[in-house]
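Visitor: I have this one open for the first time. Can you walk me through it?
Guide: Yes, ask as you go.

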Amino acid sequence: MAEMSVTTASLQSFPKSLLCSLSTRKFNSSFHPSAILSPISRFCLISKFNSFRFSAAVVKAASSPHANTKEPMLPPYDVLITGASKGIGYALAKEFLKAGDNVIICSRSDERVVSALDRLRVETGKQHVWIPMQGTKCDVREGDDVKTLVAFAKEKLQYIDIWINNAGSNAYSFKPLAEASDEDLIQVVTTNTLGLMICCREAINLMQNQPRGGHIFNIDGAGSDGRPTPRFAAYGATKRSVVHLTKSLQAELEMQDVKNVLVHNLSPGMVTTDLLMSGANTKQAKFFINVLAEPADVVAEYLVPNIRSIPTNGSTKATYIRFLTGLKAYSQIFSRIAFGARRNRYVLED
């Protein structure tokens with residue numbers, strides 16, 4: 001056919017409309033599969049595909065102005081931490097303040113969060129830390145509380161660059177599941193699972209409408225790697241679900257083509273908080289606490305620079321930041337067995 005002899009160079013001199021009409025004209029001869037390889041047909045298909053893709057992009061950009069745009073995120077960062085009145089949450093807040101960031105903390109206890117605010121300002125000499133004063137309490141299990149927290153954050157800082165979901169509970173109870181009360185189970189599951197879901201929902205809704213987007217960090221815990229957690233089975237089950245939820249949210253955002261919000265996992269390892277130390281009443285528990293646990297300040301000093309490096313470097317990939325890696329844990333266990341290192345470090349062993 002005449003069209004088959006047309007060179008690629010000469011195609012450039014033809015108007016698109018003429019080329020397309022040539023490639024789609026009807027012939028008396030029977031159709032042959034090789035016709036689909038015609039340079040003209042291929043040219044038209046590509047042109048039509050590119051036009052369709054461009055139109056779709058225009059529609060998408062008009063309907064979601066921030067989904068694929070991202071302004072540079074520069075320090076000082078605006079940080080929100082749940083469950084930050086004590087323990088690792090408090091230590092993280094202190095390190096962010098020392099780095100010069102703006103920090104909002106919250107807790108389900110009015111008294112504890114007010115006390116934490118005062119101590120942070122004294123210990124760091126920084127004043128750019130706040131609590132939502134209108135209804136100081138924030139129970140992450142209550143959607144309205146979290147929505148109020150978001151409203152306060154927008155009013156005070158306009159943006160939240162880093163949202164850390166730290167609030168968690170074991171009901172300070174270490175016992176077999178068969179002995180757990182309804183109240184304890186409800187507190188553990190609703191705080192660690194429902195509360196996390198509510199916070200992630202509100203953080204995503206906030207951040208995807210921010211020109212510079214944001215980063216969400218979900219803190220895991222014992223059980224997150226799938227290993228058994230006897231005497232705190234409910235807690236371990238909820239922490240296993242943290243990893244699954246994070247992966248699911250990452251997949252959802254990718255499906256929705258939301259590029260300016262990233263969800264990460266944050267693993268502090270074993271931290272000598274009241275929560276952990278309340279379970280130091282068996283030989284095995286005392287062994288592992290002495291060998292693997294670290295104070296909250298030590299953990300935070302490692303985690304915060306790693307967290308801040310993600311927006312600083314403009315990272316567009318989800319990250320799993322671990323303080324206590326497998327290699328580090330095995331090394332410390334070996335040192336203990338071989339040389340007696342870390343014996344009686346925090347608690348006296350039998």
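Visitor: Let's start with F288. How exposed is F288?
Guide: The model is a predicted one. In it, F288 counts as partly exposed, because its relative accessibility is 31% and partly exposed covers values between 20% and 50%.

Visitor: And F287, what is its relative accessible area?
Guide: F287 has 21%, so F287 is partly exposed as well.

Visitor: How many aromatic pairs are there?
Guide: The count is five aromatic pairs. One of them joins F287 and F288, edge-to-face, with 5.1 Å centre to centre and 90° between the planes.

Visitor: What about F334 and F339, why is that pair edge-to-face?
Guide: The planes of F334 and F339 are at 90°, so the pair counts as edge-to-face, since the cut-off is over 60 degrees. Their ring centres are 6.3 Å apart. Both F334 and F339 are exposed.

Visitor: Which rings make a cluster?
Guide: F174, F232 and Y235 do, linked by ring pairs.

Visitor: Switching to charges. Which ring does R322 sit over?
Guide: The charged end of R322 is over the ring of Y320, at 3.7 Å from the ring centre. There is also R119, which lies over the face of Y90, 4.5 Å from the centre of that ring.

Visitor: Now the inside. How many residues are in the largest nonpolar core?
Guide: That core has 40 residues. Those with the most contacts inside it are I81, L92, F96, V103, I105, I164 and I307.

Visitor: What is I105 in contact with?
Guide: Setting aside neighbours within four places in sequence, the contacts of I105 include I81, A84, V113, L117, V129 and W130. Another core, of 30 residues, lies apart from the largest one, and L157, A203, L206 and V263 are among its members.

Visitor: And the sheet, what order do the strands come in?
Guide: The order is β3-β2-β1-β4-β5-β6-β7, seven strands in an open sheet with parallel pairing. At the edges are β3 (129–130) and β7 (320–322), each of which pairs on one side only.

Visitor: How many bridges do β2 and β3 have?
Guide: Two, in the parallel sense, with β2 covering residues 102–105. V103 has V129 in β3 as its bridge partner.

Visitor: Which strands does helix α4 lie across?
Guide: Helix α4 (residues 87–98) lies across β1, β2, β3, β4 and β5, and runs at about 170° to β1. Helix α8 (residues 233–255) packs on the sheet too, touching β5, β6 and β7, with its direction at about 160° to that of β6.

Methods: Residues are numbered from 1 along each chain as its sequence is written. This is a predicted model: local features need pLDDT of at least 70, side-chain atom pairs count only at pLDDT 80 or more; totals for chains, interfaces and linings use all residues. Side-chain values use heavy atoms; hydrogens and water are left out. Rings of Phe, Tyr and Trp (its six-membered ring) pair if their centres lie within 6.5 Å; planes under 30 degrees apart count as stacked, over 60 as edge-to-face and the rest as tilted. Buried means under 20% relative accessible area, exposed over 50%, partly exposed in between (1.4 Å probe, protein chains only). A charge sits over a ring if NZ of Lys or CZ of Arg is within 6 Å of the ring centre and within 35 degrees of the ring normal. A nonpolar core is a set of buried Ala, Val, Leu, Ile, Met, Phe, Trp, Tyr and Cys residues joined through side-chain atoms within 4.5 Å. Contact means heavy atoms within 4.5 Å. Two strands pair if DSSP finds at least two bridges between them. Helices (H or I, at least four residues) and strands (E, at least two) are DSSP runs, numbered from the N terminus. Axes are lines fitted to C-alpha atoms, for helices over the stretch in contact, and angles run from 0 to 180 degrees between N-to-C directions.
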